[in-house]
Amino acid sequence: KKNKPLSLPILNIETNEKISFSFDDLDGDLKKYFYTIIHCSSEWKKSELFESEYINGFYEKEITNYKFSFNTLQKYTHYTFDFPDNNLKPILSGNYIFKIYEEGKSDNPIILHRFMVLENKVNIESNVKRATLFSDRKTKHEIDFLIKTFDLEIRNPYSEIKVNLIQNNNDNNSIKNLRPIFIKKNQLIYDYEDINTISANNEFRYFDFKSLRYHSERIKDIKNDSTHNHVFLFTDKKRTFNQYSISPDINGKFIIKNQEGWDASTESDYAFVYFTLNSEKINYGDIFIIGALSSWQLNNDYKMKYNYSKKAYEASIFLKQGYYNYMYALNDTVTKQIDISYIEGSHYQTRNTYQIYVYYNKTGEKYDRLIGFNEIISSELF
């Protein structure tokens, strides 16, 4: 949200809230960029709606607000816009995608990024606790909740209501399409002991290179040449069997910041950040660096390569100055799962943020409305 850099991009349709969207073009020149929005289902697939059914105004908008980088090795052009705009507004609630593209190239977007529009129709009461089942007590969180539907006309809650439960805005290990275990008058109760549990994992690793002059706690070395900055992190180790250790984090997010500049958006430089993870070679999957910095995706730019002489995984990622959280994830080719706990371990004491999204697809309608949202933190489970 605008002026809230750590918030989720979710708008209440009944308020004047805005989202600030920004990106850098590393060519450093000036291009004509446009954006539009795409309405999606609760599963993030394009809905059956026509643009005229969910957009008020024009169907695309030129991005006219830009600035050139100042006093940086990496030259770039910083583009930004606030949404919604008087000429392009969403009419309906639900999941949406921003599509950013160059003029005349709408079929070849440079950015696709998610956001949500909410209409508050229900109330959600939730609770995070240690898993009930003995086998999960040490490693998982259980999220119990109930939904108060008030006077909302729901004929069949089992087919018309969908609930997605997500940890730290990471869609990879989310629980989708939860159905109520009980229905009591105007209350839908989700009080399971198994299917509503998620591996708690561990506190996030972090590094801080808001300054390229001074070494912060996790920075081993900083170098620069005529073209780029290079930031070397201390070597990381597996935490699979370590005891839980409390550590402050921002649950996988990042903040763009420059200690020596006034405007972080245009005075923050870029650097190659070098990661090293001591580990044996894994033959049934690949290791990725994930977090908000990778949009929680298994992107090849964040895939690590194994160095046999060092017996370690290595990667370099081109990032803008700031403070970052991250974790190492195994993309297990046998189980077809993304396993964070393989490297990071999993502890019930871990502090996570959980998001609960409630979707309503009324019989006869052709789209999923987002009618409820709740966020809860597991902060006192010791």
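Helices (H or I, at least four residues) and strands (E, at least two) on this tour are DSSP runs, numbered from the N terminus. The model is a predicted one.

**Stop 1: a cis peptide bond**

Select F83 and P84. The peptide bond that runs from F83 to P84 is cis, and its omega is near 5 degrees. P84 sits in the loop between strand 7 (77-83) and strand 8 (88-90).

**Stop 2: the loop after strand 9**

Go next to E103, placed in the loop that joins strand 9 (94-102) and strand 10 (111-118). With a relative accessibility of 45%, E103 counts as partly exposed. Show its neighbours: leaving out residues up to four places away in sequence, E103 touches K32 and F34. Then draw a distance from E103 to K89. These two residues are 14 residues apart along the chain, and their C-alpha atoms are separated by 20 Å.

**Stop 3: salt bridges around strand 12**

The whole structure contains 26 salt bridges. Select D144 and K129, whose side chains form one of them, at 3.4 Å from N to O. This pair links distant parts of the chain, with D144 in strand 12 and K129 in strand 11 (residues 123-130), 15 residues apart. D144 is buried, its relative accessible area being 10%, whereas K129 is partly exposed at 29%.

Stay here and add K140 and D136. Their side chains also meet in a salt bridge, with N to O at 3.9 Å. K140 counts as partly exposed at 23% relative accessibility; D136, at 12%, counts as buried.

**Stop 4: two positive phi angles**

Select F150. This residue is not a glycine, yet its phi is positive, at about 55 degrees. F150 is found in the loop between strand 12 (140-148) and helix 2 (157-160), and with 47% relative accessibility it is partly exposed.

Now move to N177. Here too phi is positive, about 55 degrees, although N177 is not a glycine. Is N177 in a strand or in a loop? N177 lies in strand 14, which covers residues 170-178. Its relative accessible area is 29%, so N177 is partly exposed.

**Stop 5: D194 and A131**

D194 belongs to the loop between strand 16 (187-190) and strand 17 (197-199). Its relative accessible area of 44% makes D194 partly exposed. Add A131 to the selection and compare sequence with space: D194 and A131 are 63 residues apart in sequence, and their C-alpha atoms are 8.1 Å apart.

**Stop 6: the cavity**

Rolling a probe the size of a water molecule over the atoms shows where empty space is left. How many cavities of 30 Å³ or more does the structure hold? There is 1. The largest cavity encloses about 50 Å³ of space. To display its lining, select Q167, N168, N170, N201, F204, W296, M327, I340 and N352. Of these lining residues, 4 are nonpolar and 5 polar, with no charged residue.

**Stop 7: the largest nonpolar core**

Which residues have the most contacts inside the largest nonpolar core? They are F207, F209 and F275, in a core of 28 residues. Several elements give two or more residues to this core, among them strand 19 (219-224), strand 20 (229-233), strand 23 (270-278) and strand 24 (285-290). Strand 26 (312-320), strand 27 (322-332) and helix 4 (341-344) are also on that list.

Centre the view on F275. Not counting residues up to four places away in sequence, F275 touches F207, L233, I289, M304, Y313, E314, A315, I317, Y326 and Y328.

**Stop 8: from E314 to a salt-bridge network**

E314, one of the residues that F275 touches, leads to the last stop. E314 forms a salt bridge with K310, the closest N and O atoms being 3.2 Å apart. K310 is exposed, at a relative accessible area of 53%, while E314 counts as partly exposed at 24%. To finish, select R205, R218, D236, R239 and E344: salt bridges that share partners join these residues into one network.

Terms used. Residues are numbered from 1 along each chain as its sequence is written. This is a predicted model: local features need pLDDT of at least 70, side-chain atom pairs count only at pLDDT 80 or more; totals for chains, interfaces and linings use all residues. Side-chain values use heavy atoms; hydrogens and water are left out. On a 1 Å grid over the protein atoms alone, a cavity is a set of points where a 1.4 Å probe fits but cannot get out, and a pocket is an open set with protein on both sides within 12 Å along at least five of seven lines; lining residues have an atom within 4 Å of a point. Grid points are joined across faces, edges and corners, and a volume is the space filled by probe spheres set on the points. Ala, Val, Leu, Ile, Met, Phe, Trp, Tyr, Cys and Pro count as nonpolar, Asp, Glu, Lys and Arg as charged, and the others, Gly among them, as polar. A nonpolar core is a set of buried Ala, Val, Leu, Ile, Met, Phe, Trp, Tyr and Cys residues joined through side-chain atoms within 4.5 Å. Buried means under 20% relative accessible area, exposed over 50%, partly exposed in between (1.4 Å probe, protein chains only). Contact means heavy atoms within 4.5 Å. A salt bridge is a side-chain nitrogen of Lys or Arg within 4 Å of a carboxyl oxygen of Asp or Glu.
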